[in-house]
Every structure is written in structure tokens, then in C-alpha cells.
Amino acid sequence: MIEARHLRVLRAVAATGSFSAAARELGCTQPAVSQQMKALETSAGTPLLIRTGREMRLTQAGEALVRHAAGILAGLTAAEEEVAAIAGLRAGRVRLVSFPSGSSTLVPTALAALRAEHPGTRVSLVEAEPPRSVEMLREGDCDVALAFRYEGAHAAEEWDDLVVRPLLADRLVGLVPESHRLAGAGSVTIDAFADDPWIAGCPRCRRQLVDVCRGAGFAPRIDFATDDYPAVVGLVGAGLGVAVLPELAIESVRPKGARTVTVEPPVLREIVALTLPDLSQVPAVAATLDHLAKAATR
């Protein structure tokens with residue numbers, strides 16, 4: 001295998017005409033130059049220099065190698081500079097996937113801080129709910145996944161193969177129309193809504209709602225279901241039912257015509273940022289995880 005350091009020595013010998021002159025140019029000893037040239041000829045499998053007295057002359061193979069060396073070394077230098085830029089966060093790319101309420105709350109704060117600190121780092125964002133977002137991470141379609149799971153949920157997702165950065169515990173809150181009998185209540189148990197029609201959210205949130213209500217001794221009557229949090233708020237505000245939503249979702253939507261109430265006992269979902277072990281060592285990915293964690297403590 002031909003090494004870059006040997007190519008640099010060959011170019012110096014070709015340019016100066018001798019081992020001693022090449023050594024002076026490279027800042028090393030003449031025996032070191034001779035030793036590296038022997039190693040290069042061994043790797044090439046053919047003589048590269050003809051020694052005639054005090055002069056050095058390139059063989060045909062040596063001329064070919066010198067001709068290609070310029071492009072090889074230039075490309076290697078460019079690659080080294082690009083890698084150094086990425087390692088120093090002067091450049092780099094991070095592909096982030098997030099669930100919608102995370103995209104509208106945690107992500108903007110984190111990415112604004114990341115851009116201010118490392119303007120050369122580019123971040124792309126797509127939205128997906130877990131478990132799809134976690135699948136995208138494992139399949140190599142993103143570098144960081146913002147995800148959540150509910151405490152005590154059945155068949156909780158296993159993340160043992162991933163790097164998990166805990167961000168916050170997001171509490172579910174009740175959402176009722178302003179005219180609802182419990183609109184002014186400080187806190188309620190979820191069975192207080194046993195006779196109300198419900199507006200349910202995403203499939204995973206829907207399953208969690210059914211499980212929580214079943215634990216409270218009733219089955220919720222779900223009249224409407226939608227993945228869109230503003231639509232949930234709008235339906236509740238219009239008096240068509242009640243809902244429970246994560247605090248992050250409420251934060252990202254103005255609940256016109258609706259009131260929030262505290263639900264006891266608390267139902268929490270764990271918000272995390274996920275990445276693969278190897279990706280966690282990439283400076284741009286590590287910086288993104290750090291800024292997501294800082295955004296969660298705002």
C-alpha cells in the first residue's frame with residue numbers, strides 16, 4: 001500500500017534531485033529519506049529512481065507516480081481540512097426527526113442556539129411520531145430522533161441499543177370547553193370525565209388514553225380522533241368533547257375557547273433525544289443533543 005508520506009518524499013526528491021536536498025526541504029535526515037524511498041519502491045513493486053553518481057533520475061514508473069502524486073496529495077489535504085472543519089464544528093450536518101409538539105417547542109430553541117454557536121453546522125428537520133422516528137434512526141435515515149414514551153405503558157419500547165439523552169417529563173393536562181362544568185376546577189381525577197365525549201390524539205396517545213381510563217374504571221367514548229393538536233384544541237373549544245394533551249402540545253397551541261385543568265394522579269410521558277452510539281461521538285450530533293437538553297430546561 002502506497003502511503004501519502006512516501007509520496008511527499010518522492011516529490012521532494014524529484015524536485016531537488018537528491019536525497020540530501022530533499023531531506024533539507026522536508027526537515028528530516030538523509031537516511032530517513034533513503035529509508036522511505038526504499039519503502040515506497042517496495043510498495044510499488046518496481047524501482048522508482050535511478051542513482052547515477054550524485055544525481056537521481058526518475059524511472060518511467062517514478063514519473064507516473066510523481067504525476068499522480070500531486071492530485072492525490074491535494075485531494076488528501078482537502079479531505080483533511082474538511083474533516084478538521086467538521087470535527088471543529090466549523091462544518092457538518094445533522095438530520096433531526098421530531099414529533100410535532102417537540103418540533104414547535106424544544107427544537108426551535110435548540111437549533112437557534114446551535115446556529116448561533118456553530119453557524120457552519122447545518123440541520124435538517126422532518127417530523128415523525130415514535131416508533132417510526134426510532135425506526136428511521138436505526139435505518140440510518142436520521143442522526144438524532146426526538147421521541148417519547150409513556151410511563152408504565154404496555155410493551156414499552158426498548159432503547160437499549162441507543163444512546164438516550166433524557167430531556168424532560170411531559171405531564172398530560174385536561175382540556176375542556178370554557179362552558180364545561182369543570183372548567184374552573186383546580187384539579188380533577190380522570191374519572192370525572194367518564195360521561196363526556198372525548199377527542200383523542202395520535203394512535204399511541206389514543207392507546208394511552210384508553211389504558212388510563214380503563215385503570216380509572218371506565219371506557220372513554222371517543223367521538224373524534226386526530227393527529228393534529230390544533231384540531232384537538234379546536235374541537236374542544238367548540239364544545240364537542242374533552243381531551244388530555246401533553247403540556248408541550250398546549251404550549252405550542254393557543255387554546256381558544258378551552259380551559260386546561262390538572263389531572264390527578266399525574267400521567268407523564270418521557271421526552272428523550274436518541275442517537276446511535278457511533279453517531280454520539282460526532283461533534284455536530286453531540287452539540288445538537290446538548291442544545292436539545294438545554295432547551296428542555298428553559
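Which residues are linked with Arg 132 in a network of salt bridges? They are Glu 135 and Glu 139. Keep that trio in mind while we walk through the rest of this predicted model.

## Salt bridges

Let's stay with charges for a bit. Side chains of opposite charge can pair when their charged atoms come close. In this structure, that gives 13 salt bridges. Here are three of them, with the N to O distance for each pair.

| Pair | N to O distance |
|---|---|
| Arg 138 and Asp 161 | 2.8 Å |
| Asp 196 and Arg 181 | 3.2 Å |
| Asp 227 and Arg 206 | 3.8 Å |

Take the pair of Arg 138 and Asp 161, whose side chains meet at 2.8 Å. This salt bridge links distant parts of the chain, 23 residues apart. Arg 138 sits in helix H7, while Asp 161 is in the loop between strand S5 (144–150) and strand S6 (163–177). Are these two buried or exposed? Neither, quite: Arg 138 is partly exposed because its relative accessibility is 37%, and Asp 161 is partly exposed too, because its value is 40%.

Next come Asp 196 and Arg 181, with their closest N and O atoms 3.2 Å apart. Asp 196 belongs to the loop between strand S7 (187–189) and strand S8 (197–200), and Arg 181 to the loop between S6 and S7, so their salt bridge ties together parts that are 15 residues apart in sequence. The two partners have quite unlike surroundings. Asp 196 counts as buried because its relative accessibility is 9%, whereas Arg 181, at 56%, counts as exposed.

Last in the table is the salt bridge of Asp 227 and Arg 206, at 3.8 Å. Asp 227 lies in the loop between strand S9 (221–225) and helix H9 (229–237), and Arg 206 is in helix H8 (residues 203–215), so this pair ties together parts that are 21 residues apart in sequence. Asp 227 is partly exposed at 46% relative accessibility, and Arg 206 is partly exposed at 25%.

## Inside helix H7

Back to helix H7, which covers residues 132–138 and includes Ser 133. Why does Ser 133 count as buried? Because its relative accessibility is 0%, and the cut-off for buried is under 20%. Which residues does Ser 133 touch, leaving aside its neighbours within four places in sequence? They are Val 97, Ala 128, Cys 142, Ala 145, Leu 146 and Ala 147.

## Helix H2 and Met 56

Now look towards the start of the chain, at helix H2 (residues 19–26). Its buried residues include Phe 19, Ala 21, Ala 22 and Ala 23. Among the elements covering the buried residues of H2 are helix H1 (4–16), helix H3 (30–44), strand S1 (49–52) and strand S2 (55–58). After H2 comes Gly 27, which has a positive phi, near 75°.

Strand S2 is also the place of Met 56. This residue is partly exposed, because its relative accessible area is 22%. Not counting residues up to four places away in sequence, Met 56 touches Val 13, Gly 17, Ser 18, Phe 19, Ile 50 and Arg 51. So how far is it from Met 56 to Arg 259, C-alpha to C-alpha? The separation is 89 Å, and the two residues are 203 residues apart along the chain.

## Strand S10 and the cavity

Strand S10 (residues 243–246) shows a neat pattern. In a regular strand the side chains alternate between the two faces of the sheet. Here Ala 243 and Leu 245 point one way, Val 244 and Pro 246 point the other way, and all of them are buried. S10 pairs with S6 in the antiparallel sense, over four bridges. Find Leu 175 and you'll see it standing opposite Ala 243 in S10.

There's also an empty space to find. A search of the whole structure turns up one cavity of 30 Å³ or more, and the largest cavity has a volume of about 180 Å³. Its lining is made of 19 residues, with Leu 172, Cys 205, Leu 209, Val 244 and Leu 245 nearest the centre. The elements giving two or more residues to this lining are S6, S8, H8 and S10. Which element gives the most to the lining of the largest cavity? That's H8, with five residues. As for their character, the lining residues of the largest cavity divide into 16 nonpolar, two polar and one charged.

Key: Residues are numbered from 1 along each chain as its sequence is written. This is a predicted model: local features need pLDDT of at least 70, side-chain atom pairs count only at pLDDT 80 or more; totals for chains, interfaces and linings use all residues. Side-chain values use heavy atoms; hydrogens and water are left out. Buried means under 20% relative accessible area, exposed over 50%, partly exposed in between (1.4 Å probe, protein chains only). Contact means heavy atoms within 4.5 Å. A salt bridge is a side-chain nitrogen of Lys or Arg within 4 Å of a carboxyl oxygen of Asp or Glu. Two strands pair if DSSP finds at least two bridges between them. On a 1 Å grid over the protein atoms alone, a cavity is a set of points where a 1.4 Å probe fits but cannot get out, and a pocket is an open set with protein on both sides within 12 Å along at least five of seven lines; lining residues have an atom within 4 Å of a point. Grid points are joined across faces, edges and corners, and a volume is the space filled by probe spheres set on the points. Ala, Val, Leu, Ile, Met, Phe, Trp, Tyr, Cys and Pro count as nonpolar, Asp, Glu, Lys and Arg as charged, and the others, Gly among them, as polar.
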